[in-house]
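Dear colleague,

Please find the structure below, together with its sequence. My notes on what was found in it follow.

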Amino acid sequence: MLNTATKSEAPGTEQELTDGFHLVIDALKLNGINTIYNVPGIPITDLGRMAQAAGIRMISFRHEQNAGYAAGIAGYLTKKPGICLTVSAPGFLNGLTALAHATTNCYPMILISGSSEREIVDLQQGDYEEMDQLAIAKPLCKAAYRVLHAQDIGIGLARAIRAAVSGRPGGVYLDLPAKLFGQVMNADAGRKSLVKVIDAAPAQIPSPASIKRALDVLKGAKRPLIILGKGAAYAQADEEIKTFVEKSGIPFLPMSMAKGLLSDTHPQCAGAARSTVLKESDVVLLIGARLNWLLSHGKGKNWGEAPKKFIQVDIEPREMDSNVEIVAPVVGDIGSVVSAFNQAMASGWTAPPAEWTKAISSKREENVAKMAPKLMNNKSPMDYHGALGVLKNVIKDHPEAILVNEGANTLDLARGVIDMYRPRKRLDVGTWGVMGIGMGQAIAAALETGHPVLAVEGDSAFGFSGMEVETICRYNLPICVVIFNNDGIYRGTDVNSVNADPATTVFVKGARYDKMMEAFGGVGVNATSPDELKRAVVEAMKSGKPTLINAVIDPAAGSESGRIGNLNPQSVLQKKK
Ligand code: OXT
Ligand code: ADP
Ligand code: MG
């Protein structure tokens, strides 16, 4: 298994040798890691070449942040740590945002960065790209390690893998100083130093008492609600979760990336009655979802007047009581917990009161009916609903496709309009609402799953990772990027009334993003109406060719910050517009 080794030159002392480069590659391969997302350069260029020669898929990006977002989402999709490889200081820092993002979102990822020489860095003598990377990474990830000796590479990687995927998954930093790669050791000893990680994310079995407590509270509910978060999607316990939800008869609300875990068209789905179920429910069971800002911290006006009881299923014990009291904490991995629920319910379960489920169904039908005519408009330039009506049908016809989505209006409206049918098919900005995940996530999604990707991007959002369209073309990936081009952030209509500079939120009017894709040999289309958009996306899905569609959206169509405008602080001195 150990790839290439050399003979030592000294006569009579011939032995098989290996070095740091080969040990890193062998350790990765031994642990089933077959893809690395990277940007090459000193000191890792040869590592990338050798890894490619050894059969690891090396995906080279134009910017480390995008490689990092790719690695993070690869971890989410596969439950194996996604690997991002960077050069020292600036490359490391470029990857660090993605590492912090992975940690925040509970995605398993390892950022491996080459670094400068310890002796020089520690004395601050000004080495090439000098930086104490380990110290900087530590507060931003779940764990951070440095390997100084070739014989510790196996253990170092094993620790990184375990830290990334066990318990609550997250980002891990692995610091590999340049000198390490050239260190030579006996090949047999090197082979023995490698570690194949066994049972990297052990099942965490919930206590029977916590299962009973949770089901007792749920049984007593008159208006129960299940909230499914991206932790539930990550767990890959799809069948158990479906059985539990259907057996319980309880309405469920999917968080953004949990859409499709059960189909959005499932009769129990309360996605289209979100505010009603949050306000009116009396018992809420959270499965792999945190009571953070996306759920208004479990309190306040979005949760209504009625007192609530919360049950929470999470692998992280410290998540319990983080925002409000959790009356029934269930600590364990979601697969084990939900199986235990199903077993306990096998002896009988009473469905929730029909009055509650019917009230939700009618609210949901009302909201869906209200939206339907908006989705069929054929205005040119398009509004969001006209364009999204087209994309909704594309995903309906291609439920296997992965939807990547970022922006403000482009994100919030797409989330509501586009139904998802299968688990882990919707990838978006996650817990931080970060712009820039688009192309990295699209590339990893295409590579890791082999399915077509539809990336629905605000024009601002796309700009954060837009150069990666070259990467998409270079690897000839089946990715169709649709840019909702409304000439700016939120809207393209702001005016600076003071001087000739453009307003802070607007971009060049009438920009043709489609030309960017054409520049690298992909297909570019300018779509000015829903009909044109439909033709272009349908063709892209059929051909599988890298495609970018510039969807011309009315610059006045959006609203400030999409659906989270309430989070903007207000100045008392500024005259309200
Ligand atoms: O129940 P009610 O009646 O209330 O109705 C709800 C649902 O029931 C209903 N619904 C439906 N109706 C009918 N049919 C169906 N199928 C259906 N489904 C649902 O619809 C409503 C709404 O449902 P929703 O969306 O579920 O509920 P709600 O109340 O919105 O949920 C609350 C939240 C908080 C859970 C939700 O809003 C949410 O998940 N929000 C996430 C928001 C987010 O993360 N936004 C991104 C950040 S915004 C800002 O920060 C931006 N920046 C700054 C920046 C960032 N972010 N990052 C970096 C690195 N630098 C800077 C920037 C630069 S956005 C941005 C760019 C924006 O410009 P673009 O050009 O990219 O985009 P455009 O805006 O398009 O121009
Ligand atoms: P969302 O944004 O969809 O609401 P969050 O990212 O806030 O989801 O929450 C995901 C939660 O899922 C985290 O608290 C994390 O600890 C938990 N989690 C992740 N994987 C598992 C798992 N296999 N079993 C149990 N909990 C998990
Ligand atoms: Mg925009």
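How are the donor residues of the magnesium ion (ligand 3) spaced in sequence? The spacing is D-x26-N-x1-G. Before going further, I should say that this is a predicted model, and the notes below should be read accordingly.

The metal site

The protein donors of the magnesium ion are Asp459 through OD, Asn486 through OD1 and Gly488 through its O atom, lying 2.1 Å from the ion. Asp459 belongs to helix α19, residues 459-463, while Gly488 sits in the loop that runs from β18 (479-485) to α21 (514-519), so this pair ties together parts that are 29 residues apart in sequence. Both Asp459 and Gly488 are buried.

The loop between β18 and α21 also holds Tyr490. Is Tyr490 buried or partly exposed? Its relative accessibility is 24%, and Tyr490 therefore counts as partly exposed, the cut-off for a buried residue being under 20%. Between the C-alpha atoms of Tyr490 and Ser529 there are 20 Å, the two residues being 39 apart along the chain.

Ligand 1

Around ligand 1 there are 34 residues, of which Ser275, Tyr384, Thr410, Asp459 and Arg563 come nearest. Asp459 thus appears in this list as well as among the donors of the magnesium ion. By class, the shell around ligand 1 divides into 17 nonpolar, twelve polar and five charged residues.

Several polar contacts involve oxygen atoms of ligand 1. A polar backbone atom of Asn409 is 2.8 Å from one such oxygen, and a polar backbone atom of Gly271 is 3.2 Å from an oxygen of the ligand. From the side chain of Asn367, a polar atom lies 3.5 Å from an oxygen atom of ligand 1. On its own, ligand 1 has 1400 Å² of accessible area, and the protein covers 80% of it. The elements giving two or more residues to this shell are α13 (274-280), α15 (354-375), α17 (409-417) and α19. Which of them gives the largest share of the shell around ligand 1? That is α17, with six residues.

Ligand 2

The shell around ligand 2 consists of 18 residues, and the closest are Arg168, Lys230, Arg290, Asp314 and Ile334. Seven of the shell residues are nonpolar, six are polar and five are charged. Helix α11, residues 230-234, gives the most to this shell, with three residues.

Two of the closest residues also make side-chain contacts with oxygen atoms of ligand 2: an N or O atom of Asp314 lies at 2.5 Å, and one of Arg168 lies at 2.8 Å. In addition, a polar backbone atom of Gly288 is 3.4 Å from an oxygen of ligand 2. The protein buries 96% of the 580 Å² that ligand 2 exposes when taken alone.

Annotated domains

An unreviewed UniProt entry supplies two domain annotations. The feature "Thiamine pyrophosphate enzyme N-terminal TPP-binding" covers residues 20-136. That span is 52% helix and 17% strand, and its end C-alpha atoms lie 24 Å apart. The feature "Thiamine pyrophosphate enzyme central" is placed by UniProt at residues 211-340. Over residues 211-340 the chain is 30% helix and 18% strand, with the end C-alpha atoms 7 Å apart.

With kind regards

Note on methods: Residues numbered from 1 in each chain as written. Chains lettered and ligands numbered in written order. Predicted model: local features only at pLDDT ≥ 70, side-chain atom pairs only at ≥ 80, totals over all residues. Heavy atoms only, no water. Near = heavy atom within 4 Å. Polar contact = N/O pair within 3.5 Å; in protein donor to acceptor, adjacent residues only side chain to side chain. Areas by Shrake-Rupley, 256 points an atom, 1.4 Å probe, with all protein chains shown as cover. Helix = DSSP H or I, 4+ residues; strand = E, 2+ residues; numbered from the N terminus. Nonpolar A, V, L, I, M, F, W, Y, C, P; charged D, E, K, R; others polar. Donors = N, O, S within 2.8 Å, 3.2 Å for Na, K, Ca; no water. Buried < 20%, exposed > 50% of the residue type's maximum accessible area, 1.4 Å probe, protein only. UniProt positions renumbered as here; feature names shortened; annotations may be inferred.
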